[in-house]
Amino acid sequence: MSNAEFTPTPNFIKAIIANDLETNKYGGRVHTRFPPEPNGYLHIGHAKSICLNFGLALEFKGRCNLRFDDTNPSKEDVEYVESIKTDVRWLGFDWEDREYYASDYFPQLYEFALRLIRKGKAYVDDLSAEKIREYRGTLTEPGKESPYRNRSPEENLALFERMRSGEFPDGSRVLRAKIDMASPNLNLRDPVMYRILHAEHHRTGNAWCIYPMYDFAHGQCDSIEGITHSICTLEFEDHRPFYDWVLDNLPVPCHPQQIEFARLNLNYTVMSKRKLLELVDKAYVRGWDDPRLPTLAGLRRRGFTPEAIRAFAETVGVAKRESMVDMALLEHCLREDLNRRAQRVMAVLRPLKVVITNYPEGRVEEMDAENNPEDPGAGTRKLPFSREIFIEQDDFREDPPRKFFRLSPGREIRLKHAYYIRCDEVVKDAQGRIVELRCSYDPESRGGGTRDNRKVQGTSHWVSVAHAVNAEVRLYDKLLSVPDAAAEKEEKDFKEYLNPGSLEILKGCKVEPSLAAAGPGRFFQFLRQGYFCVDADSTPEKPVFNRSVTLRDSWAKIEKAQQDK
RNA sequence: UGGGGUGUGGCCAAGCGGUAAGGCAUCGGCCUUUGGAGCCGAGAUUCGGAGGUUCGAAUCCUCCCGCCCCAGCCA
C-alpha cells in the first residue's frame, strides 16, 4: 500500500499497543482481527474498523485476520461473506491465508462449554425467554436466580448433550454461565451461552442445532487465533467483564485484550445495517451498490477510490467519544485523490448550442488539450473543434448578475483549449426559451490566448456538435435531507427524511468523443464540474456516468450568498 | 434514580503539569487558459461548569451538569 497518502495520527489504541510492545506483554506480537457478521454488506463505518485493524497490523509489523462472526445462522448468508471479502480486498487489505469463521470453532466451543459445566460454572436453564427476562431484574433492581440454577454438573451435562442432539425445540432451554444475578452489570447476570436453533447454517449445514452466543464465542475465537488486541466498538464495553470471565475460566492459549473505540457516524446518511437492509429490501434504492448508499459497494460504484476511503479513515481518527463526521470530509478525501489522478475531459451536461457565425462551415480543427494539469506526464490529446458547439446552459446568462464571470450578450469568454468567442445574438423559441447562441470567434485566440493579453469574462468547457457523443449522467446528492434524522425534533421514521433529490438522471448529455470507449470503473474529471466514473450500466452505444463528487464551486457560493441577501 | 463510558473552535481530533497541533468547513487575499487545483492569512485569552492543589492546570483533586450505552435465547 502507498505510504505517502496520508500522515498517521496518534490515537489511544496505538499508544496501548506501543506500550504493550515496550513491556513485551505479548512477546512482541501484534495480532488483530476484523470480525464482521455476514448478515449484510459492509459500509464506510466498517471501513474505519478494517483500516484500523489491518492498519495497526501493518504499522506494528503484525498480522490481521479476517474472521466471520457467523454464530447466528438465521441471519447470515454466503452472499454476504462473498461481498465482504470483495470489499476488504478492494479496500486494499490482505488477510493472506488467515480467513477464519467462528463456525470453524463450534466443536472447540462446545468442548469449552462442557468444561464450564463440569466446573459448575454453567447450567442448563429451562426458563422461557420471557421468564429469563423477568428474572434478570432491571437496571436498578437485582435479578432473581433461576430455579434451575443449581442443577448438578451431571444433570447439566446430560441436558446439554440432549440439547445438542436435537431433542428439544427452539427456545425451550439455554445454557447459561453461572455468575451473579445481582451484578450491577446486566451482562454478568448469568448470560446465555448457547441457544437452540434448528436452522441450517451456511457453512456447517445441519451439523448443529445449538449455537453459541457472540459473548461466549468471541473471546475464545480471539484466543484460539492468538489475537493480542481485540478491537471493537463502544457498546461492547459492558461486555468486557464477561469476555474476560470466559477466558479466565477456560484453559485457553492466551488472553487477548479487548479495546473499544467509537464507531463512525456520518451526517446526511444512514449507517445501521437494519436501515440499509430496509432501503434495499423495500427498493428505496436500487440495491446494496446503489451509489447513494454509504456501503462500500455503493461508494465503489459511486466512484470512490480505496485510497480516498483509507485517507478518510485515517483523517477521522480513532477515539472513544461519540461523534458525527461531516460528509464534506469524505468528499474532500475523494477530491484530493482524484485531483491528482483523474484525466480532465469535456462533458456538457445541459447543452446549449452555439453557432460560431464567422467560423468556416465544414472546417474541423484538432485542438491540443492537456490531460491533467496536476500531472504533466499524463500528456495531451486532440479535441475536435468546429463551427457548432455545445456549452453548458449555466455558462450563459442573458441578464448576468453581479460577479457572473461567464458568457452573456456582448461579452467574451474563452473556450478552454480553443478560441475566444463573443455572444452576438440570443435565439429563442416561441415560448421565449433560449435555444441557441450566435457568436463570433477571434481567430487570433487559437489555443486560448491573444497577443494583446486581453482579459475575458471566463473560461468554458465545450463539445463539438458534430463530434459529440450522447451520454446519460447520473447526479447524486445526499441520501437524507437532514444531517441527523435521529436528532430531529419530531421523531419521524428515517425514511421521511430521504432526500427526494438524491438522484437526478440527465439523458441528453454531450461528451467528447474519447469517452465513448471508456469502460466501467474508469474515472474522469468533467472539466469545471466534478469527478465522474463510468457506471456498470454503461455500454459503448450508451455511455452512462455517475457523478462521484462535484468540484468545489465558488460561483455557487457567491450565488447563494446573493440570494440569501 | 444501578452500572459502564464520554465532554478541547461549526465538524472531527492531538495534547497526559510548563502556558491550546493538525484536518474539514467558514471568511479574507494572491495566483490561475478549470470561479478547479495551489499558495498565504484569519479566527478557542481558552479546553462542560464551579471550587481547590501548584510558581504554573485542558492536563492533578472535589463537587456539579450534559450526552451516549446496557434489562436479545442479535452482533
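Q: Of the atoms of RNA strand B within 4 Å of the protein, what percentage belongs to sugar or phosphate rather than to bases?

A: Sugar or phosphate accounts for 66% of these atoms, and bases supply the rest. This is a predicted model, in which local features need pLDDT of at least 70 and side-chain atom pairs count only at pLDDT 80 or more, while totals for chains, interfaces and linings use all residues. Residues are numbered from 1 along each chain as its sequence is written, chains are lettered from A and ligands numbered from 1 in the order in which they are written, and side-chain values use heavy atoms, with hydrogens and water left out.

Q: Which residues come nearest to RNA strand B?

A: A residue is near a strand if one of its heavy atoms lies within 4 Å of it. Here 68 residues surround RNA strand B, and R344, K403, K416, G447 and S554 come nearest.

Q: How many residues of the surface near RNA strand B are nonpolar, polar and charged?

A: Ala, Val, Leu, Ile, Met, Phe, Trp, Tyr, Cys and Pro count as nonpolar, Asp, Glu, Lys and Arg as charged, and the others, Gly among them, as polar. The surface near RNA strand B has 27 nonpolar, 19 polar and 22 charged residues.

Q: Which part of RNA strand B does the side chain of R321 approach?

A: An N or O atom in the side chain of R321 is 2.9 Å from a phosphate oxygen of RNA strand B. For R414, a side-chain N or O atom is 3.0 Å from a sugar or linking oxygen of the strand. A polar backbone atom of A129 is 2.9 Å from a base nitrogen of RNA strand B. The elements giving two or more residues to the surface near RNA strand B are α5 (129-135), β6 (192-196), α11 (306-316), α12 (327-341) and α13 (554-564); helices (H or I, at least four residues) and strands (E, at least two) are DSSP runs, numbered from the N terminus.

Q: How is chain A divided into domains?

A: Domain bounds come from an automatic or database domain assignment. Chain A has domain 1 (12-263), domain 2 (273-343 + 471-564) and domain 3 (347-461). The centres of domain 1 and domain 3, taken over C-alpha atoms, are 64 Å apart.

Q: What is the phi of N24, and where does N24 lie?

A: Most residues other than glycine have a negative phi. N24 has a positive phi, near 60°, and lies in the loop between α1 (12-22) and β1 (31-34). E96, also not a glycine, has a positive phi of about 50°, and is found in the loop between α3 (78-91) and β3 (99-101).

Conventions. A polar contact is a pair of N or O atoms within 3.5 Å; within protein, one must be able to donate a hydrogen and the other to accept it, and residues adjacent in sequence count only if both atoms are side-chain atoms.
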